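Here are a few exercises to work through with the model open beside you. Try each task before you read its solution.

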Amino acid sequence: MPLSFEFVRRLDGLGYRFREDGVFNGRPSFKRVDLDVWCRWLPGRGWCTVGADGIGNGWPLLGRTGEEEFPPLGPWRSWKAGKSYLYDLRRVDEPGGSGPGGSRSSGSGPSGSGPDGTGPAA
C-alpha cells in the first residue's frame, strides 16, 4: 500500500491528503488526491510542495537539510500569492494499509494551486 500523509493547516485544521505516486529525481513523489499538486524533492531546494507549474511554494521548517529520503514530518510553511500558512505534515494510514499511525481523516480543499486555493501546494 502506498504511503500517504496530509498537510493540516494550523489556522483552521483543514487537511490535504497526498499519496505516493511514482519517483521524481530519484526519490518518492507524492500527489495531492484532489489537485495536480505534488510534494517532491528538488535538487538545490530539498523537499517542497509544487503546483502544476512546477514552482515550489511550501517547505519544511526547523532547519531541515533536504537530504531526507521522505518529506520530513512536522511544521511546513507555505508562500504563494502574498499569503503564507503554517501546516503540520502528518503520516496517515490508508484503509487496509500497515503504514505508520496518522492523525485524522483529511478533507479536500477548494480547487486552486494551493491546498487552500491560495496557500502552498501542500
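**Exercise 1.** Is Arg32 buried or exposed, and what is its relative accessible area?

*Solution.* Keep in mind that you are working with a predicted model. Step one is to read off the relative accessible area of Arg32, which is 1%. Step two is to compare with the cut-off: buried means under 20%. Arg32 is therefore buried.

**Exercise 2.** Find the residue that forms a salt bridge with Arg32, and describe its exposure.

*Solution.* Start from the side chain of Arg32 and look for a carboxyl oxygen within 4 Å of a side-chain nitrogen. Asp34 fits, with the closest N and O atoms 2.5 Å apart. Next, check the accessibility of Asp34: at 27% it counts as partly exposed. The pair thus joins a buried Arg32 to a partly exposed Asp34.

**Exercise 3.** How many salt bridges does a search of the whole structure find, and which residues take part besides Asp34 and Arg32?

*Solution.* The search finds three. One of them joins the side chains of Asp12 and Arg9, at 2.5 Å from N to O. Here Arg9 is buried, with a relative accessible area of 7%, while Asp12 is partly exposed at 44%.

Another is formed by Asp88 and Arg10, whose closest N and O atoms are 2.8 Å apart. This pair links distant parts of the chain: Asp88 belongs to strand β8 (residues 83-92), Arg10 to the loop between β1 (4-9) and β2 (15-24), and 78 residues separate them. For this pair, Asp88 is the buried residue, at 14% relative accessibility, and Arg10 is partly exposed at 47%.

As a reminder, side chains of opposite charge can pair when their charged atoms come close.

**Exercise 4.** Why is strand β6 largely enclosed by the rest of the structure, and which strands pair with it?

*Solution.* First, look at burial: β6 covers residues 56-60, and four of these five residues are buried, so the strand is largely enclosed.

Then turn to the pairing with strand β5 (residues 46-50), which is antiparallel and has two bridges. Within it, Val50 has Gly56 of β6 as its bridge partner. Five residues lie between β5 and β6 in the hairpin they form, and Gly54 in the turn has a positive phi of about 80 degrees.

Finally, follow β6 to strand β7 (residues 74-80): the two run antiparallel and are joined by three bridges. In this pairing, Gly58 stands opposite Ser78 of β7.

Key: Residues numbered from 1 in each chain as written. Predicted model: local features only at pLDDT ≥ 70, side-chain atom pairs only at ≥ 80, totals over all residues. Heavy atoms only, no water. Buried < 20%, exposed > 50% of the residue type's maximum accessible area, 1.4 Å probe, protein only. Helix = DSSP H or I, 4+ residues; strand = E, 2+ residues; numbered from the N terminus. Pairing = 2+ DSSP bridges.
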